[in-house]
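Thanks for making the time, everyone. Before I start talking, I would like to put the sequence and the model up on the screen, so that you can follow along as I go.

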Amino acid sequence: MERTRFNAMIRQAGKSQIAVAREIGVLPSALSRWSSGGAMPGVAQLPALADALGVSIDAVVGALMEDRDLGVMGGASSADQVSPLQDQ
């Protein structure tokens with residue numbers, strides 16, 4: 001099973017991260033950061049990314065957001081974060 005829904009989309013498209021990165025004109029390290037949660041693709045990159053994966057923009061954004069919400073995208077989940085107001 002894939003670690004993230006985003007990685008599963010890449011595999012379901014029959015491509016590697018490097019192939020998708022080349023297809024949409026970004027460095028492989030950028031796609032790797034998106035996949036690991038270190039960064040998110042820009043709005044301008046979403047149409048090409050969705051086309052490369054054969055899915056809708058909504059599906060790409062949904063996968064990235066779900067991965068983030070599940071805490072698999074590096075760092076603490078929102079449930080683990082403390083609001084500054086809670087400590088006062």
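I will begin with the chain as a whole and then go through its helices and the contacts between them.

Let me say at the outset that what you are looking at is a predicted model. The protein chain holds five helices and zero strands, so that, read along the sequence, its pattern is simply α-α-α-α-α. Of its 88 residues, 30% count as buried, by which I mean under 20% relative accessible area. If we take the contacts with a separation of 6 or more, residues 24 or more positions apart account for 52% of them.

Starting from the N terminus, helix α1 runs over residues 5-12, and its buried residues are F6, N7, A8, M9 and I10. What covers these residues includes α2, α3, α4 and α5. Just after α1 we come to G14, which takes a positive phi of about 75°.

Next is the pair formed by α2, residues 17-24, and α3, residues 28-36, whose axes come within 8 Å and cross at roughly 120°. The crossing in which α2 passes α3 is right-handed. On the α2 side the contact is made by Q17, I18, V20, A21 and I24, and on the α3 side by P28, L31, S32, W34 and S35. Sorted by class, the residues of this contact are seven nonpolar and three polar, with no charged ones.

That brings me to α4, residues 46-53, where L46, L49, A50, A52 and L53 are buried. Where do they sit around the axis of α4? They cover an arc of only 160°, and they therefore lie on the same side of the helix. Among the elements covering the buried residues of α4 are α1, α2, α3 and α5. Just after α4 there is again a glycine to point out, G54, with a positive phi of about 70°.

Finally, α4 packs with α5, residues 57-69, at an angle of about 95° and with the axes 8 Å apart. Because an angle from 65 to 115 degrees counts as roughly perpendicular, that is how we should describe α4 and α5 relative to each other. From α4 the contact draws on L46, P47, L49, A50 and L53, and from α5 on I57, V60 and V61. By class, these are eight nonpolar residues, with no polar and no charged ones.

I will stop there and take your comments.

How values were computed. Residues are numbered from 1 along each chain as its sequence is written. This is a predicted model: local features need pLDDT of at least 70, side-chain atom pairs count only at pLDDT 80 or more; totals for chains, interfaces and linings use all residues. Side-chain values use heavy atoms; hydrogens and water are left out. Axes are lines fitted to C-alpha atoms, for helices over the stretch in contact, and angles run from 0 to 180 degrees between N-to-C directions. Helices (H or I, at least four residues) and strands (E, at least two) are DSSP runs, numbered from the N terminus. A crossing is left-handed if the near helix is turned anticlockwise from the far one by less than a right angle, and right-handed if clockwise. Contact means heavy atoms within 4.5 Å. Ala, Val, Leu, Ile, Met, Phe, Trp, Tyr, Cys and Pro count as nonpolar, Asp, Glu, Lys and Arg as charged, and the others, Gly among them, as polar. Buried means under 20% relative accessible area, exposed over 50%, partly exposed in between (1.4 Å probe, protein chains only). The arc is that of the directions from the helix axis to the C-beta atoms. Angles under 35 degrees count as roughly parallel, over 145 as roughly antiparallel, 65 to 115 as roughly perpendicular and the rest as oblique.
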